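Biologist: I am new to this structure and would like to go through it step by step. Could we begin with a single residue and widen the view from there?

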Amino acid sequence: MVIVVNSAQKTLILLAGAPGTGKSYTGRIIMRAFPFLIYTPLDMFKEHIYDEIGFDNLEQKKVLDEEARERFYRAVGLMMSYEKQILCDYPFSYKQKPYLKSIAYKNDYQVITVRLEAPVDILYWRQRNRDQEEPRHLGHLMNHYHRDDVLESNTKFDGMPSIETFERRMKDRGYANFSLGKLLRVNVSNYSQIDYSRLVNTLEKIIGINALSINNEGN
């Protein structure tokens, strides 16, 4: 299947919001609507380096996280040099903003921030339940991890924050205030009330799609 896109402008979509806002789910909806986007979650780079090197304590994990961010920036810059349309997701904060702003400006990309929002207490218990019940890379949940580690019945997720730590991170890192380029705010307090079709329609207008043709050769 070959997808050809004529777009009014090169676009970087940043799917932002604190942990527990449902960025992965929303990302899948956006990708179904715009299959020409290259989906590049920053967590993918973290998971790769966790498996590649591993860490024995929180300080080592922080070093790997910084390297993962650098790899992410390089990948986004490379995709921009090829004029790809890009969708990234992460709890973006002031830490990533200057780098992404610089890369977008250098490559003449418009930026759209889709920021998912909900009260802190809802997000804390939502992300905690997700981490305990859904398949998730152990490196995100632990302060020590190596590729051969497995989830045991008595595994203690020592990397999971308390509600006080979660709330402090929300405030200090400014997850709920992150914005770069055009801002679209989506209230995700109640998943059943989210109008995803409205979000998709708004994105379509901003991206400025002129044509989307699909050639099913060989399929």
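Modeller: Let us begin with A104, which is placed in helix α4. Please keep in mind throughout that this is a predicted model.

Biologist: Is A104 buried or exposed?

Modeller: A104 is buried, with a relative accessibility of 4%.

Biologist: Which residues does A104 touch, leaving aside those up to four places away in sequence?

Modeller: Its contacts are M80, Y109 and V111. In addition, the C-alpha atom of A104 is 7.7 Å from that of L12, although 92 residues separate the two along the chain.

Biologist: What about the chain as a whole: how many helices and strands are there?

Modeller: The chain has seven helices and seven strands. In sequence order, the pattern reads β-β-α-β-α-α-β-α-β-α-α-β-α-β.

Biologist: And how are the strands arranged in the open sheet?

Modeller: Five strands form an open sheet in the order β3-β4-β2-β5-β6, and their pairing is parallel. At the edges stand β3, residues 38–39, and β6, each of which pairs on one side only.

Biologist: How many bridges join β3 to β4?

Modeller: Two bridges join these parallel strands. Within β4, L87 is the residue that stands opposite Y39.

Biologist: What share of the residues is buried?

Modeller: Of the 219 residues in the chain, 45% are buried. The chain exposes about 12,200 Å², and carbon and sulfur atoms supply 48% of that area.

Biologist: What share of the contacts comes from residues 24 or more positions apart?

Modeller: Such pairs account for 80% of the contacts in the chain, counting those with a separation of 6 or more. The approach of A104 to L12, 92 residues apart along the chain, showed two distant positions whose C-alpha atoms are separated by 7.7 Å.

Biologist: Let us change topic to charged side chains. Why would they pair at all?

Modeller: Side chains of opposite charge can pair when their charged atoms come close. In this chain the count of salt bridges is seven.

Biologist: Which residue does E117 pair with?

Modeller: E117 forms a salt bridge with R185, and their closest N and O atoms are 2.9 Å apart. This pair links distant parts of the chain, since E117 is in strand β5 and R185 is in strand β6, residues 182–187, with the two positions 68 residues apart.

Biologist: Are these two partners buried or exposed?

Modeller: E117 counts as buried because its relative accessibility is 17%, under the cut-off of 20%. R185, in contrast, counts as exposed at 58%.

Biologist: Which residues are joined into one network by salt bridges that share partners?

Modeller: The network consists of E52, E67, R71 and R74. Within it, R71 and E67 meet at 3.1 Å, N to O, and E67 also meets R74 at 3.6 Å.

Biologist: Where do R71 and E67 lie?

Modeller: Both are in helix α3, four residues apart, which is about one turn of the helix. R71 is partly exposed, with a relative accessible area of 24%, and E67 is likewise partly exposed, at 29%.

Biologist: Turning to the backbone, which residues have a positive phi although they are not glycines?

Modeller: E83 is one, with a phi of about 60 degrees. D108 is another, also with a phi of about 60 degrees.

Biologist: Where are they found?

Modeller: E83 lies in the loop between α3 (58–81) and β4 (86–89). D108 is in the loop between α4 (97–106) and β5 (110–117).

Biologist: Buried or exposed?

Modeller: E83 is exposed, at 53% relative accessibility. D108 is exposed as well, with a relative accessible area of 52%.

Biologist: One last topic. What is the average pLDDT of the chain?

Modeller: The average is 87, and 88% of the residues score at least 70. Over residues 210–219, however, the pLDDT is below 50. Beyond near neighbours in sequence, that stretch has 21 contacts in the model.

Biologist: How should a stretch with low pLDDT be read?

Modeller: Where pLDDT is low, the predicted coordinates should not be read in detail.

Note on methods
Residues numbered from 1 in each chain as written. Heavy atoms only, no water. Buried < 20%, exposed > 50% of the residue type's maximum accessible area, 1.4 Å probe, protein only. Contact = heavy atoms within 4.5 Å. Areas by Shrake-Rupley, 256 points an atom, 1.4 Å probe, with all protein chains shown as cover. Salt bridge = Lys/Arg side-chain N within 4 Å of Asp/Glu carboxyl O. pLDDT = per-residue confidence, 0-100. Pairing = 2+ DSSP bridges.
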